[in-house]
Amino acid sequence: MNRLRKNLLTITTFVRIDVKRLFRDKVAIFFVFLFPLIFLLIFGSIFGGNSEVSFRVALLNQSKSEFSSEFVKQLKANDIFKIDDNIDTLPQAKEKMSRGQLDATVVIPEQFGEVSNGQYPSGELQIIYDQNSESAGQTLGTVMEGVFKDINAQFVQTATPFTVKTESTATKGLSRFDYTFSGLMGFTLLSLGIFGPTTVFPRLKQRGVLRRYQTTTLKVWQYFIGNVLSNGVAGILAAGLMFVAAVVIFGLNMRGDYLSLLAFVILGVTMLYGIGLALGGWAKNENQAAPLANLVTLPMMFLSGVFFPTFLMPEVLQNITKYIPLTPVVDGIRLIVTEGKTILEIGPQLAVIGAWTIIIYIIAFKVFRWE
């Protein structure tokens with residue numbers, strides 16, 4: 001019992017010292033707490049904006065009719081159409097379309113909106129688009145057809161044998177940001193788990209700090225547990241700060257329970273930190289550690305669903321990437337946040353994380369060097 005108490009005292013003392021060291025290091029504070037927030041704000045502004053369809057168009061009104069004037073007003077008031085008011089001629093519009101600055105040009109011909117049959121106004125709208133914007137041009141044509149269908153119904157009554165009824169599920173759907181958040185969180189945990197140890201450990205070796213630790217009664221396993229706990233605290237605080245910012249600023253739609261998310265983040269941080277522990281523990285200096293860290297993180301970033309869903313990958317690649325250490329972390333966070341799963345319902349992700357945790361820490365113990 002005394003031996004156990006002595007071991008625990010050694011670990012808790014080391015954790016306390018390591019946490020104090022973290023909060024005294026301004027550079028560490030930036031990369032642990034501020035950098036994830038900046039990362040969230042940048043990608044949140046990209047994926048968290050308004051997801052409604054819009055078209056960048058030039059509007060050339062060649063008609064003098066009252067109907068065309070009213071029609072132009074309605075187009076400008078509609079948020080779907082982003083009209084460039086600085087374009088007055090078709091050559092100007094074609095030049096901007098060739099540069100990709102416009103999706104299409106809407107031309108209202110001279111006779112558009114005039115009453116030619118003595119009953120109601122008529123005309124044919126012209127939509128011009130570049131070959132590179134063919135999809136946007138055709139979609140814009142479909143939108144305009146829908147607009148004119150409503151206008152035509154005001155003048156000519158037609159029978160409608162077939163109709164469509166739409167009904168809301170009354171359930172709030174997921175935004176692009178809700179789906180992207182798990183990837184952002186996974187990347188943050190990966191950065192904290194790998195880049196922290198691979199930067200700090202080689203520096204401590206060069207300064208002789210770890211060599212002095214070796215001369216004490218501190219055991220390797222005690223040093224590992226102390227590092228995991230201290231960095232786990234930092235990781236949880238950083239993830240919590242990131243989560244609060246996502247909810248407050250971008251309205252993250254959290255469907256799962258917070259306890260499951262917290263427990264899963266702890267498991268994810270523990271596993272990912274083991275990778276950094278192995279790399280930083282083996283490397284003699286930062287010149288060795290930095291390339292190794294990049295060699296490990298870059299494939300995981302692009303193959304684990306951080307920036308785009310894994311289901312877009314070929315099926316063969318999907319079967320491989322689901323066993324990459326970061327993939328179950330991103331998938332688990334996504335299942336809890338977006339689908340409301342509990343930690344007991346994500347067994348496959350927990351199994352992969354558990355297997356990798358055992359393998360990684362065995363390797364870390366084998367390759368660790370005090371100097």
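# Notebook: a sheet, its helices and two cores

I began with strand S3 and found both of its faces covered: Ala-104, Val-106 and Ile-108 on one side, and Thr-105 and Val-107 on the other, are all buried. By buried I mean under 20% relative accessible area, with exposed over 50% and partly exposed in between (1.4 Å probe, protein chains only). The count for S3 reads 5 of 5 residues buried.

**Ground rules.** I am working on a predicted model, where local features need pLDDT of at least 70, side-chain atom pairs count only at pLDDT 80 or more, and totals for chains, interfaces and linings use all residues. Residues are numbered from 1 along each chain as its sequence is written, and side-chain values use heavy atoms, with hydrogens and water left out.

**Confidence.** I looked up pLDDT, the predictor's confidence in each residue, from 0 to 100. The protein has a mean of 79, and 89% of its residues reach 70 or more. Among the elements, helix H2 (residues 26-47) has the lowest mean, 72, and helix H13 (residues 347-367) has the highest, 90. My elements are DSSP runs numbered from the N terminus: helices are H or I with at least four residues, strands are E with at least two. A note to self: where pLDDT is low, the predicted coordinates should not be read in detail.

**The sheet.** Next I traced the strand order, and 4 strands form an open sheet, S2-S1-S3-S6, with mixed pairing. Strand S2 (81-83) and strand S6 (126-128) stand at the edges with a single partner strand each, so one side of each has no neighbour in the sheet. Neighbouring strands here are turned by 35° against each other on average, direction ignored. I call two strands paired if DSSP finds at least two bridges between them.

Then I went through the pairs:

- Strand S1 (residues 55-61) pairs with S2 in the parallel sense over 3 bridges, and Val-57 has Ile-83 in S2 as its bridge partner.
- S1 and S3 also run parallel, joined by 5 bridges; Leu-59 is matched with Val-106 in S3.
- S3 and S6 run antiparallel with 3 bridges, and the bridge partner of Val-107 in S6 is Gln-126.

**Helices on the sheet.** Helix H3 (residues 66-77) lies across S1, S2 and strand S3 (104-108), and runs at about 165° to S1. Helix H4 (residues 90-98) packs on the sheet too, touching S1, S3 and S6, and its direction makes about 160° with that of S3. For these angles, axes are lines fitted to C-alpha atoms, for helices over the stretch in contact, and the angles run from 0 to 180 degrees between N-to-C directions. Contact means heavy atoms within 4.5 Å.

**The cores.** I then asked which residues touch the most other members of the largest nonpolar core. Of its 43 residues, they are Leu-40, Phe-181 and Leu-189. H2, H6, helix H8 (220-250), H9, H10, H12 and H13 each supply at least two residues of this core. Leaving out residues up to four places away in sequence, Phe-181 touches Leu-40, Met-242, Phe-243, Ala-246, Leu-252 and Val-337. Another core, of 17 residues, lies apart from it and includes Ile-108, Phe-112, Leu-140 and Phe-148. My core definition is a set of buried Ala, Val, Leu, Ile, Met, Phe, Trp, Tyr and Cys residues joined through side-chain atoms within 4.5 Å.

**Two helices with a ruler.** H6 has 31 residues and reaches 45 Å from first C-alpha to last, close to the 45 Å expected at 1.5 Å a residue. The expected span is 1.5 Å times one less than the number of residues. In H6, 23 of the 31 residues are buried, and the helix is followed by Gly-208, whose phi is positive, near 80°.

Helix H10 (residues 286-303) passes as well: its 18 residues should span 26 Å, and its end C-alpha atoms are 26 Å apart. Ala-289, Ala-293, Thr-297, Met-300 and Met-301 are buried in H10. Their cover includes helix H6 (176-206), helix H9 (258-282) and helix H12 (326-339). After H10 comes Gly-305, with a positive phi near 80°.

**Two spot checks.** Is Ser-230 buried or exposed? Ser-230, in helix H8, is buried, with a relative accessible area of 3%. Beyond its neighbours within four places in sequence, Ser-230 is in contact with Val-15, Asp-18 and Val-19.

Pro-348 lies in helix H13 and is exposed, with a relative accessible area of 58%. The C-alpha atoms of Pro-348 and Lys-322 are separated by 9.9 Å, with the two positions 26 residues apart along the chain counted as their distance apart.
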